[in-house]
Amino acid sequence: MPIREIRADDLDQECSKCGSIVAVSLSAIVAGISREGQVNPNVVAMPVCATCGSAEFLLRSPDEEEHPSQGSYGHKHKLLVDKLHAKLVQRGRLAEGLTPEQVPTKEPPAAIMDKWFKDGLKLPPPPFQDESGRNGPK
């Protein structure tokens with residue numbers, strides 16, 4: 001589910017399956033997941049889409065990873081995911097069974113965020129691509 005915009009207390013996300021855009025309160029999500037005795041601190045489980053029932057997850061960047069295509073849609077989205085994950089950790093919004101010491105954060109530096117998000121933490125949809133991967137009108 002692509003993030004469209006992060007605000008102070010919520011974010012807009014777009015469902016990858018049906019395209020619905022939904023505002024999600026930061027109080028409704030947590031950093032990390034805990035299921036059946038297994039914990040992953042790097043995942044943010046998004047709420048189930050109210051329109052189509054799709055369940056999606058966001059993954060924070062691995063430590064020391066440099067995105068291969070700086071400035072691309074994928075790079076900017078990954079920065080937003082990392083920013084969201086860090087914001088949840090800073091607010092103590094952690095999955096059950098996790099402590100802050102167990103949850104690594106990779107908050108992008110302010111200078112990087114300022115470089116790629118001059119108008120706030122907003123990401124327009126990527127250009128439409130047809131089945132061959134070529135950009136074109138939708």
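## Salt bridges, strands and core of a predicted model

The side chains of Arg 91 and Asp 9 meet in a salt bridge, with N and O 3.2 Å apart, where a salt bridge is a side-chain nitrogen of Lys or Arg within 4 Å of a carboxyl oxygen of Asp or Glu. This pair links distant parts of the chain, since Arg 91 lies in the loop between α1 and α2 and Asp 9 in the loop between β1 and β2, 82 residues apart. The structure is a predicted model, in which local features need pLDDT of at least 70 and side-chain atom pairs count only at pLDDT 80 or more, while totals for chains, interfaces and linings use all residues. Residues are numbered from 1 along each chain as its sequence is written, and side-chain values use heavy atoms, with hydrogens and water left out.

By the rule above, the count comes to six salt bridges, and the table gives some of them.

| Pair | N to O distance |
|---|---|
| Arg 91 and Asp 9 | 3.2 Å |
| Arg 7 and Asp 12 | 2.9 Å |
| Lys 83 and Glu 107 | 2.8 Å |

The pair of Lys 83, in helix α1, and Glu 107, in the loop between α1 and α2, also links distant parts of the chain, 24 residues apart. Salt bridges that share partners join Glu 5, Arg 7, Asp 10 and Asp 12 into one network. Within that network, Asp 12 counts as buried at 18% relative accessibility, whereas Arg 7 counts as partly exposed at 26%; buried means under 20% relative accessible area, exposed over 50%, and partly exposed in between (1.4 Å probe, protein chains only).

The strands come next; helices (H or I, at least four residues) and strands (E, at least two) are DSSP runs, numbered from the N terminus. Two strands pair if DSSP finds at least two bridges between them. Strands β1 and β2 run antiparallel and are joined by three bridges, and a hairpin connects them through three residues. Strand β2 (residues 10-14) is likewise antiparallel to β3 (residues 21-25), with five bridges between them, and the hairpin of β2 and β3 has six residues in between, including Gly 19, whose phi is positive at about 85°.

Which residue of β2 is the bridge partner of Ile 6? The partner is Leu 11, and Leu 11 also stands opposite Val 24 in β3. Contact means heavy atoms within 4.5 Å, and, not counting residues up to four places away in sequence, Leu 11 touches residues that include Ile 3, Ile 29, Met 46 and Leu 84.

Leu 11 is also one of the residues that touch the most other members of the largest nonpolar core, which has 24 residues. Such a core is a set of buried Ala, Val, Leu, Ile, Met, Phe, Trp, Tyr and Cys residues joined through side-chain atoms within 4.5 Å. The largest share of this core, six residues, comes from α1, a helix with 13 of its 18 residues buried.

Further along the chain, Val 103 is found in the loop between α1 and α2. Val 103 is buried, with a relative accessible area of 4%, and, leaving aside neighbours within four places in sequence, is in contact with Pro 41, His 85, Val 89, Leu 94 and Leu 98.

A search of the whole structure finds zero disulfides, a disulfide being a pair of cysteine sulfur atoms within 2.5 Å. For Cys 15, the nearest cysteine sulfur is that of Cys 52, 3.6 Å away.
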